[in-house]
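Reader: Hello! Could you pick one part of this model and walk me through it closely, beginning with the charged side chains and then working out to whatever surrounds them?

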Amino acid sequence: MSAPALSSLETGQELFSRTVEVDRERLVRYAGASGDRNPIHYDAAFAESVGLPGVIAHGMLTMGLGASAVAEWAGDPGAVIDYGVRFTRPVQVPPTPGSAEVQIAGTAGPVDSAAGTVRVDLTVTSAGVTVLAKARATVRLG
């Protein structure tokens, strides 16, 4: 994907939206890659015993899905110079063969022409609830 032109962006402009499927296989692969093997991410009985509604996705995985969406839109992962979120609710992942859907939408925040950056505000939801709040990235565009 080619990089969007900074001059074509306006505050409030919808930039992208996507839906990502998260299934238990993905959680296992993420656990192996990240080293986070907490049983709340694969064992429903354990997750429920600690008060969770069931198996939940890793928060950092959910955060990473948002970052990946921004990087893909920007056309270069190196263009993302700042990124932060606040975790509000977990993504509950049903047993296989089911999956949870995570919806990610990006909107242009303030455009700083002098700095060559745009703030990208993300809306990240699953099952109709916001799972990441204050999800914002700063992207430098050529």
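Author: Happy to! In this predicted model, Arg119 and Asp121 meet through their side chains in a salt bridge, with N and O 2.7 Å apart. Arg119 is partly exposed, because its relative accessibility is 27%. The pair does not stand alone: salt bridges with shared partners join Arg119, Asp121 and Arg136 into one network. As a general point, side chains of opposite charge can pair when their charged atoms come close.

The strand to look at here is S4, which spans residues 117–126. S4 is mostly covered, with seven of its ten residues buried. Among the residues that touch the most other members of the largest nonpolar core are Val118, Val120 and Leu122, and that core holds 34 residues. Phe16, Trp73, Ile104 and Val139 also belong to this most connected group. Two or more core residues come from each of strand S1 (14–22), helix H3 (59–74), strand S3 (100–112), S4 itself and strand S5 (129–140). H3 is the biggest contributor, giving seven residues to the core. More broadly, nonpolar side chains in soluble globular proteins tend to be buried together.

Next, the partners of S4 in the sheet. Five strands make up an open, antiparallel sheet, and their order is S1-S3-S4-S5-S2. S1 and strand S2 (80–87) stand at the edges with a single partner strand each, so one side of each has no neighbour in the sheet. On average, neighbouring strands are turned by 20 degrees against each other when direction is ignored. In a regular strand the side chains alternate between the two faces of the sheet.

On one side, S4 pairs with S3 in the antiparallel sense, over eight bridges. Asp112 has Thr117 of S4 as its bridge partner, and Gln103 stands opposite Thr125 in S4. S3 and S4 form a hairpin with four residues between them, and Gly116 in that turn has a positive phi of about 75 degrees. With S5, S4 pairs in the antiparallel sense over nine bridges. Here Val120, already met in the core, stands opposite Ala137 in S5. The hairpin of S4 and S5 has two residues between the strands, and Ala127 takes a positive phi near 55 degrees there.

What packs on this sheet? H3 does, touching S1, S2, S3, S4 and S5, and its direction makes about 145 degrees with that of S2. The buried residues of H3 pack against those strands and also against H1. They are Leu61, Thr62, Met63, Leu65, Gly66, Ala69, Val70, Ala71, Trp73 and Ala74. As a check on the helix geometry, the 16 residues of H3 should span 22 Å at 1.5 Å a residue, and the end C-alpha atoms are 23 Å apart, which agrees. Just after H3, Gly75 takes a positive phi of about 80 degrees.

Ile104 shows how these pieces come together. Setting aside neighbours within four places in sequence, Ile104 is in contact with Phe16, Ser17, Arg18, Val20, Leu65, Gly66, Ala69, Leu122, Thr123 and Val124. Leu65, Gly66 and Ala69 in that list are buried residues of H3, and Leu122 is, like Ile104, one of the best-connected core members.

Arg18, also in that contact list, leads back to charge. It forms a salt bridge with Glu72, where the closest N and O atoms are 3.2 Å apart. This pair links distant parts of the chain, with Arg18 in S1 and Glu72 in H3, 54 residues apart. Arg18 is partly exposed at a relative accessible area of 24%, and Glu72 counts as partly exposed at 45%.

The structure holds four salt bridges, and the one between Arg29 and Glu25 has an N to O distance of 3.9 Å. Both residues lie in helix H1 (residues 24–34), four residues apart, about one turn of the helix. Arg29 counts as exposed, because its relative accessibility is 52%. Back on S4, then, a charged network through Arg119 and Asp121 belongs to a strand that is mostly covered.

Key: Residues numbered from 1 in each chain as written. Predicted model: local features only at pLDDT ≥ 70, side-chain atom pairs only at ≥ 80, totals over all residues. Heavy atoms only, no water. Core = buried A, V, L, I, M, F, W, Y, C linked by side-chain atoms within 4.5 Å. Buried < 20%, exposed > 50% of the residue type's maximum accessible area, 1.4 Å probe, protein only. Contact = heavy atoms within 4.5 Å. Pairing = 2+ DSSP bridges. Axes fitted to C-alpha atoms, helices over the stretch in contact; angles between N-to-C directions. Expected span 1.5 Å × (residues − 1).
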